[in-house]
Amino acid sequence: MTKTLLIENGVIVTMDAGRRVLERGYVLVEDGRIVAIGVETPDIAPEAERIDAAGMVVMPGLIDTHAHAGHMLTKGLGSDSEEWMTVTGRIYAEATDAEFWGAEAALSAAERIKCGTTTAALLFGGGPDIMRSEAPDAAEAHLAAVAEIGVREVLAIGPHRPSAASVYRNYHGELYNEIVVSTDTQLTVTAALIDAWAGRNDRLRLAVSLPVFTAQELEDDAVFALCRKARALAREKGVLLVQDGHRDGSIAANDARLDLFDNRSLLAHCVDLTDADREVLKRTGAKVAHNPSALMSVYARCPAPELMADGVTVSLGTDAAAPDRSFDMFRNMFQAHRYHARHFCDDTVLPPLQLLEMATIEGARALSMEDEIGSLEVGKRADILLINMRQPHLWPPVDPVQRLARFANGADVDTTIVDGRVLMRGRKLLHQHEGAILDRAEAAFRLAMKRAGLA
């Protein structure tokens, strides 16, 4: 039987090619896809589900193109970012089991639902040094939890640096054994996970992650061999190659030495770029995930407006969810504007519509999913938000795009829909018990802290 959902009486911000905004419009969904959009409500079967969106903006789900799995359970640890990174690495290597990663994934997915992020690209682990890909158990637990919650995700998994500490603890209840992890094993596990999840759940995709190496590091034979293997794996499987931390000549160096990039490369941060870096991005079609609230954006600047003027796809990421960041993409839209307006001393830089594009259709393009998500158009998947606009900070009722990009926040999301399935309505999760998710996460957190000697 066809499942039909009609959303009516809302202001429809389509983000389609014409960037249409429809007053008192409707969106009709059947079997998880949008089948009609307009202003005159169609006749539908009486048994169809209807949502009255009066006082709401109806818009595409937000897309976060760079975040981290694991970090939801390390928020608030350490007195500063350097200590936080040390503590987090210790926890990931010495104190986690599959349940930690499953509980953390459920918590992460719940936060994304509540702030309107229907799709996220997550790096599995912390930075380049602790990647729990020595066996499939941790990633399998993460993916199973996300599948159960119902959001859309790209999980990037891969090796750590060849020079990284490679002794991890593998827990069996209260006991553990130490294992030495090789990058070849991590790549083998990555390939097996990509194959295992191909076609299993069409909301979940895997990608290959690879640490960022400088020109000098690429002269090391082990580093060069690792990069070649990761590049070959991503291209063989037809998945994204994701890197976290490009800066100051690293893009040009990797292009020259490895021919590493193509239009399925997603590069996070990209700060202090050289002219040669920018030329590589233009030539290869590699995409950029700009994270205005991240630590790397404190240390140096991503030239996002200039890259977009060059024709490079630039999306928004949160780098969430720690040490001091959430999954709230509205917060990042606002921060991106202030970040670049301050740099240029010009508040016309990154106007509201461009910010909303970065968080929706450009995010979809960065993930090579623009034909499926990122805008409200007939034939696309029904990833839809309803934003409650009848609130003092979002009033008066003019220019919905400006109000969304300048004044809204994640707590204004009333309803979150993924694949036509209503996951949250009236800010209440419909298919999950929020308290149970919190309790599960707390238990996993306390056990990890005890194992790491940080309780």
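These notebook entries record what I looked up about charged residues and cysteines in this structure.

**Entry 1. The model**

I note at the outset that the model is predicted. I use the residue numbering that runs from 1 along the chain as its sequence is written.

**Entry 2. Salt bridges overall**

I first asked how many salt bridges the structure holds. The count is 35. I then looked up several of them one by one.

**Entry 3. Arg152 and Asp383**

Arg152 and Asp383 form a salt bridge, and their closest N and O atoms are 2.8 Å apart. I recorded where the two partners sit: Arg152 belongs to strand β8 (residues 152–157), while Asp383 is in the loop between α12 (361–366) and β16 (384–388). The pair thus links distant parts of the chain, with the two positions 231 residues apart. Both Arg152 and Asp383 are buried.

**Entry 4. The surroundings of Asp383**

I stayed with Asp383 and asked why it counts as buried. Its relative accessibility is 5%, and buried means under 20%, so Asp383 falls in that class. The side chain of Asp383 also makes a polar contact with the side chain of Arg152, at 2.8 Å. Leaving aside residues up to four places away in sequence, I listed what Asp383 touches: Met59, Pro60, Gly61, Thr118, Thr119, Arg152, Ile373, Leu376, Ile417, Val418 and Asp419. For a separation across the model, I looked up Arg247, which is 136 residues from Asp383 along the chain; their C-alpha atoms are separated by 33 Å.

**Entry 5. A network**

I next asked which residues are linked with Arg152 and Asp383 in a network of salt bridges. The network also includes Arg33, Asp202, Glu372, Arg381 and Asp419. Within it I looked up Glu372 and Arg381, whose side chains meet in a salt bridge at 2.7 Å, N to O. Arg381 has a relative accessible area of 14% and is therefore buried.

**Entry 6. Lys237 and Glu236**

I then turned to the salt bridge between Lys237 and Glu236, where the closest N and O atoms are 3.7 Å apart. Lys237 counts as partly exposed because its relative accessibility is 24%. Glu236 has a relative accessible area of 59%, so it is exposed.

**Entry 7. Arg406**

I looked for Arg406 and found it in helix α13 (residues 400–406). Arg406 is buried yet has no salt bridge. I asked how far away the nearest side chain of opposite charge is. That side chain belongs to Asp347 and is 6.8 Å away. A salt bridge requires the nitrogen and the carboxyl oxygen to be within 4 Å, so this pair does not qualify. The side chain of Arg406 does make a polar contact with the side chain of His337, at 3.4 Å. Not counting residues up to four places away in sequence, Arg406 touches Phe334, His337, Asp347, Leu350, Pro351, Pro352 and Leu355.

**Entry 8. Cysteines**

Last, I asked how many disulfides the structure holds. The count is 0. Cys270 is in no disulfide, and the nearest cysteine sulfur, that of Cys302, is 6.0 Å away. Since a disulfide needs the sulfur atoms within 2.5 Å, that distance does not meet the cut-off. Cys270 is buried, its relative accessible area being 0%. Cys345 is likewise in no disulfide; its nearest cysteine sulfur is that of Cys302, 18 Å away. I asked whether Cys345 is buried or exposed. Its relative accessibility is 65%, so Cys345 counts as exposed.

Methods:
Predicted model: local features only at pLDDT ≥ 70, side-chain atom pairs only at ≥ 80, totals over all residues. Heavy atoms only, no water. Helix = DSSP H or I, 4+ residues; strand = E, 2+ residues; numbered from the N terminus. Buried < 20%, exposed > 50% of the residue type's maximum accessible area, 1.4 Å probe, protein only. Lys, Arg positive; Asp, Glu negative; His and termini not counted. Polar contact = N/O pair within 3.5 Å; in protein donor to acceptor, adjacent residues only side chain to side chain. Contact = heavy atoms within 4.5 Å.
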